[in-house]
Amino acid sequence: MKLEGQENGKVELKRELGLFSAVSIILAVMIGSGIFVSPTSALERSGSVGFCLIVWTSCGVLSLLGALAFAELSTVVPRSGAEYAYFIEAFTPLHRYAGQIPAFICSWVYVVLLRPAEVAVVMLTFAEYSVQPFSTYLNDLPDESMQQLKKFIAVLALGLITYINLTSVKLYVKVQNVFTVCKVVACIVVIGGGIWWLCTGHTKLLEHPFRGSTTSAGDIALAFYSGLWAYDGWTSAAVVTEEIQKPEVNILRSILIGVPLITVLYVSMNLMYMAALTMPEMVGAPAVAVLWADRVLPAWLGFTIPLGVALSTFGCSLSIQFGVSRLCYVAGREGHVPRVFSYVHMEKMTPAAAVAFQALLTLVCLLLGDIIALIEFASFLTWVFYGLAMVSLLIMRRTKPDAPRPYRVPTAIPWLVLCVSIFLAVTPIVHEPSPKYLAALLFILFGLVVYHVYVYKKIGSVLAARITYLIQVLCLVVAPDKED
């Protein structure tokens with residue numbers, strides 16, 4: 001008997017994502033709440049409107065170069081997981097034990113901590129802007145009750161994105177495409193409103209664009225640091241390579257469409273903000289776009305900004321969970337997380353156990369409280385992984401010279417991105433030494449213990465086998481490629 005969604009009697013993930021959906025994933029992950037709420041750090045560090053716009057543009061170009069390197073990697077290693085999959089292929093042949101450590105630490109950081117914490121933070125931002133239209137009716141609530149209400153809404157939203165990702169990739173695609181279009185429309189509202197503002201003669205704040213520009217090398221470095229973090233997410237299409245139709249062409253096309261589009265949106269929106277708000281106003285505003293809308297947009301259009309933030313954050317969290325569940329799925333196939341997370345739902349063809357596991361970790365993060373601290377102590381490792389991905393590309397140029405490469409980036413690009421990655425990983429440690437980086441090191445060392453005991457030595461237990469069986473029964477999952 002063939003189950004619904006099966007092809008050739010196999011249970012496996014299907015290629016449901018076309019070019020538009022691949023672009024949508026990139027836009028969804030890269031455009032979160034930051035461009036609406038707090039895009040001010042680059043302006044504060046650069047010191048002037050003109051220099052700030054140069055920083056945002058340059059960061060967009062650097063992000064595009066990094067994404068193009070990942071596009072080549074996705075053809076050499078046509079598997080989901082992005083940098084995780086590249087580490088497996090590049091480093092494992094070099095050493096049986098140490099070669100798998102970079103890939104394991106990558107999955108350990110992303111799957112267990114960083115991505116669930118990011119989804120939790122984005123969900124709380126969603127809750128914050130979801131209740132904003134009803135703030136008049138909720139003013140009498142005590143602060144503690146308001147916080148509990150927002151957390152409850154965040155949990156409900158988490159349940160909804162989990163349901164979507166569990167149900168089918170087709171449902172995810174439909175929902176994500178709609179939300180992506182809506183968030184782009186919200187960006188266009190800001191840009192359109194700003195153009196109207198400038199056309200009515202409000203150009204005073206732009207008259208001397210480079211006045212006050214910083215000459216401090218440290219401030220310039222931190223301005224670029226802030227801008228590049230805002231562009232993070234350009235690897236999103238490579239994370240789900242196995243579910244993209246014609247990945248050998250569509251990943252490159254999605255990058256060439258998505259990253260430049262976001263660069264245009266980011267630079268334009270920052271220009272419009274700075275045309276209407278002074279630097280102290282932008283730095284001090286709890287939500288820059290909301291303050292900007294109060295000043296520029298007519299009252300009947302003011303609701304579009306909180307709505308845009310809510311839609312943007314919901315779509316962003318939906319895609320982050322979708323991507324990290326695929327990373328969890330690939331890591332399960334390699335034995336770097338319990339193999340049950342690489343199993344696929346018998347009918348829905350989704351990695352249901354991996355999705356449910358990510359939802360559970362996100363729920364724990366929501367209930368913990370200080371989630372921002374969780375992200376800060378591990379997020380600098382993201383650029384360590386990007387740098388190692390560039391090393392992987394250089395290694396596989398030598399070890400896999402005959403691998404299919406429909407396109408090949410100039411060798412200078414991975415070297416440039418590697419240098420940028422080292423800069424972004426080291427800058428926060430040098431600029432602001434903190435115990436959180438020691439905590440990150442301890443987290444990695446604990447991960448190495450887990451790797452040695454459960455991955456390398458493959459020490460199992462009867463309890464683990466029973467838990468695996470229970471997850472299979474609860475999630476209705478079976479091993480991929482299992483004949484029915």
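A disulfide is taken here as a pair of cysteine sulfur atoms within 2.5 Å, and in this predicted model a search of the whole structure returns 0 such bonds. For Cys199, the closest cysteine sulfur is that of Cys187, at 20 Å, which is too far for a bond. The sulfur of Cys187 in turn has its closest cysteine sulfur in Cys182, and because the separation is 11 Å, that pair is likewise too far apart for a bond. The surroundings of Cys187 and Cys199 can also be described by their accessibility: Cys187 is buried, with a relative accessible area of 0%, whereas Cys199 counts as exposed, its relative accessibility being 65%.

Confidence in the prediction was examined next. The average pLDDT of the protein is 86, and 94% of the residues reach a score of at least 70. Residues 1-7, by contrast, have a pLDDT below 50, although this stretch makes 17 contacts in the model beyond its near neighbours in sequence. Where pLDDT is low, predicted coordinates should not be read in detail.

Empty space within the protein was then considered. Such space is revealed by rolling a probe the size of a water molecule over the atoms. The structure holds 1 cavity of 30 Å³ or more, and the volume of the largest cavity is about 50 Å³. Its lining is formed by Leu62, Ser63, Gly66, Leu228, Trp234, Trp383, Val417 and Val420. Two or more of these lining residues come from each of helix H4 (49-76) and helix H19 (412-431), with H4 giving the most, namely 3 residues. In chemical character the lining of the largest cavity comprises 6 nonpolar and 2 polar residues, and no charged residue is found in it.

Among the open pockets, the second largest has a volume of about 970 Å³. The lining of this pocket is made up of 29 residues, of which Gly335, Val337, Pro338, Arg339 and Tyr454 are the closest to its centre. The elements that contribute two or more residues to the lining of the second largest pocket are helix H6 (101-131), helix H20 (435-456) and helix H21 (462-475). By residue class, the lining of the second largest pocket divides into 18 nonpolar, 7 polar and 4 charged residues; charged residues are thus represented in the lining of this pocket, while the lining of the largest cavity has none.

Notes:
Residues are numbered from 1 along each chain as its sequence is written. This is a predicted model: local features need pLDDT of at least 70, side-chain atom pairs count only at pLDDT 80 or more; totals for chains, interfaces and linings use all residues. Side-chain values use heavy atoms; hydrogens and water are left out. Buried means under 20% relative accessible area, exposed over 50%, partly exposed in between (1.4 Å probe, protein chains only). On a 1 Å grid over the protein atoms alone, a cavity is a set of points where a 1.4 Å probe fits but cannot get out, and a pocket is an open set with protein on both sides within 12 Å along at least five of seven lines; lining residues have an atom within 4 Å of a point. Grid points are joined across faces, edges and corners, and a volume is the space filled by probe spheres set on the points. Helices (H or I, at least four residues) and strands (E, at least two) are DSSP runs, numbered from the N terminus. Ala, Val, Leu, Ile, Met, Phe, Trp, Tyr, Cys and Pro count as nonpolar, Asp, Glu, Lys and Arg as charged, and the others, Gly among them, as polar. pLDDT is the predictor's confidence in each residue, from 0 to 100. Contact means heavy atoms within 4.5 Å.
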